[in-house]
Every structure is written in structure tokens, then in C-alpha cells.
Amino acid sequence: MKVLTNIFLVASLAIGIIFMSIYQPEYFYGLEYDVRVINGFKNNSSLPLVIWCSSNNDDLGGRALQEGDDFSWSLKTNFWGTTHFLCTMKWDAMRRKFDAFKVPRDLQRCSLFRKCSWSVREDGFYFSNDEVNWKKDFSWL
């Protein structure tokens with residue numbers, strides 16, 4: 001009787017995993033998010049904002065963003081919930097690293113549309129999940 005119960009439990013679990021992977025693959029392959037970093041500086045046309053972003057698995061490389069330019073990418077969260085993209089920003093003598101995407105912080109705040117946007121400005125880094133309402137998250141220093 002005990003063996004039959006164990007076999008039933010294992011079979012039920014296997015069927016459940018197969019069903020979820022077919023009908024709800026995001027639970028196994030991760031949720032997809034769009035991340036966008038915008039050069040929100042004013043009157044800095046002669047000096048670009050330099051950005052370099054990477055995760056443990058991906059190096060997205062560097063870009064030199066002129067005023068109004070952006071750097072965008074899509075990502076999928078991993079099974080373990082540890083997806084993390086770190087960006088280094090440099091403008092003139094200022095330099096700052098920041099978490100462009102981090103699962104514990106961003107799963108909920110990036111909204112139903114799974115959009116995480118950053119506007120980097122002279123006075124700091126602003127976050128938005130709709131690119132209409134911006135909230136200052138932190139300063140350069």
C-alpha cells in the first residue's frame with residue numbers, strides 16, 4: 001500500500017510538472033521583462049553618458065548615449081529568482097554602479113507590463129514602470 005501511494009505521488013507530480021510546462025511555461029522558463037535606460041541629461045550633447053551592463057550570464061557590452069538616447073534589452077528571470085543586471089554609468093567625472101534589474105526588488109514594481117525604465121539625469125537615477133510617472137530612486141553620490 002505504501003509503495004502504491006509513493007508511485008501515485010511521483011506520477012501526479014510528474015504529470016503536474018508536464019502540464020504546467022506546456023500551459024504555463026513562464027513558471028519554468030522565467031518571466032520576460034523589458035529594461036530601458038535613457039540618457040535624461042539636458043544640454044550634454046558634447047559629453048555622452050557611458051553605460052556598461054552585465055549579469056552573471058550575459059555581458060551586454062557598453063554604449064555611449066547622447067542626450068535622449070537609450071539602451072534597451074529583454075531578459076527572462078531564472079528559476080532560482082536570482083536574475084540580476086548591474087550597470088556602470090559614467091558621465092564626466094561621475095561614476096556609479098546600479099542594479100538595473102534585480103528580482104527581489106523589481107518583480108512587483110515593474111508592473112503588469114513587465115517594464116523597468118530608468119532615466120539617468122544630472123541629479124540622479126529615476127525609475128518608472130510606465131515612462132510617464134518617474135520617481136527618483138537615488139543620487140549619483
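This is a short talk about how one protein chain is built from its helices and strands.

Hi everyone, and thanks for having me. Before anything else, please keep in mind that what you see above is a predicted model.

Let's start with the overall picture. There are 141 residues in the chain, and 30% of them are buried. The chain has three helices and nine strands. If you walk along the sequence, the elements come in the pattern α-α-β-β-β-β-β-β-α-β-β-β. The chain exposes about 9200 Å², and 59% of that comes from carbon and sulfur atoms. Here is one more number for the whole chain. Among contacts with a separation of 6 or more, 49% are between residues 24 or more positions apart.

Now let's look at the sheets, beginning with the one made of five strands. In what order do its strands lie? The order is β4-β1-β7-β8-β9, the sheet is open, and the pairing is mixed. At its edges you find β4, residues 70–76, and β9, residues 135–138, and each of these pairs on one side only. On average, neighbouring strands here are turned by 25 degrees against each other, ignoring direction.

Let's zoom in on the β9 edge. Strand β8, residues 124–128, runs antiparallel to β9, and three bridges join the two. If you want a pair to find on the screen, F125 stands opposite F138 in β9.

At the other edge, β4 runs antiparallel to β1, residues 32–39, and here seven bridges make the connection. In this pairing, Y33 stands opposite L75 of β4.

Strand β4 is a nice one for learning about faces. In a regular strand, side chains alternate between the two faces of the sheet. Which residues of β4 are on the covered face, and which on the uncovered one? F71, W73 and L75 make up the covered face, while D70, S72, S74 and K76 make up the uncovered one.

Let's stay with D70 for a moment, which is found in strand β4. Is D70 buried, partly exposed or exposed? Its relative accessible area is 33%, so D70 counts as partly exposed, since that class lies between the 20% limit for buried and the 50% limit for exposed. Leaving aside neighbours within four places in sequence, D70 is in contact with R36, V37, I38 and L65. You can also try a distance on the model: the C-alpha atoms of D70 and V120 are separated by 10.0 Å, with these positions 50 residues apart along the chain.

On to the other sheet. This one is open too, with four strands in the order β3-β2-β5-β6 and antiparallel pairing. The edge strands are β3, residues 59–65, and β6, residues 94–102; each has a single partner strand, so one side of each is left without a neighbour in the sheet. Neighbouring strands in this sheet are turned by 15 degrees against each other on average, again ignoring direction. Inside the sheet, five bridges join β2, residues 49–54, to β5, residues 84–91. Look there for V50, which stands opposite K90 in β5.

Finally, let's visit the surface. V3, L4 and I7 form a nonpolar patch there, and together they have about 320 Å² of accessible area. V3 sits in helix α1, which covers residues 2–23. Why does V3 count as exposed? Its relative accessibility is 58%, and exposed means over 50%.

That's my tour, so please spin the model around and ask me anything!

Note on methods: Residues numbered from 1 in each chain as written. Predicted model: local features only at pLDDT ≥ 70, side-chain atom pairs only at ≥ 80, totals over all residues. Heavy atoms only, no water. Pairing = 2+ DSSP bridges. Axes fitted to C-alpha atoms, helices over the stretch in contact; angles between N-to-C directions. Buried < 20%, exposed > 50% of the residue type's maximum accessible area, 1.4 Å probe, protein only. Contact = heavy atoms within 4.5 Å. Areas by Shrake-Rupley, 256 points an atom, 1.4 Å probe, with all protein chains shown as cover. Patch = residues over 30% accessible without salt bridge, like charges linked within 9 Å, V, L, I, M, F, W, Y side chains within 5 Å. Salt bridge = Lys/Arg side-chain N within 4 Å of Asp/Glu carboxyl O.
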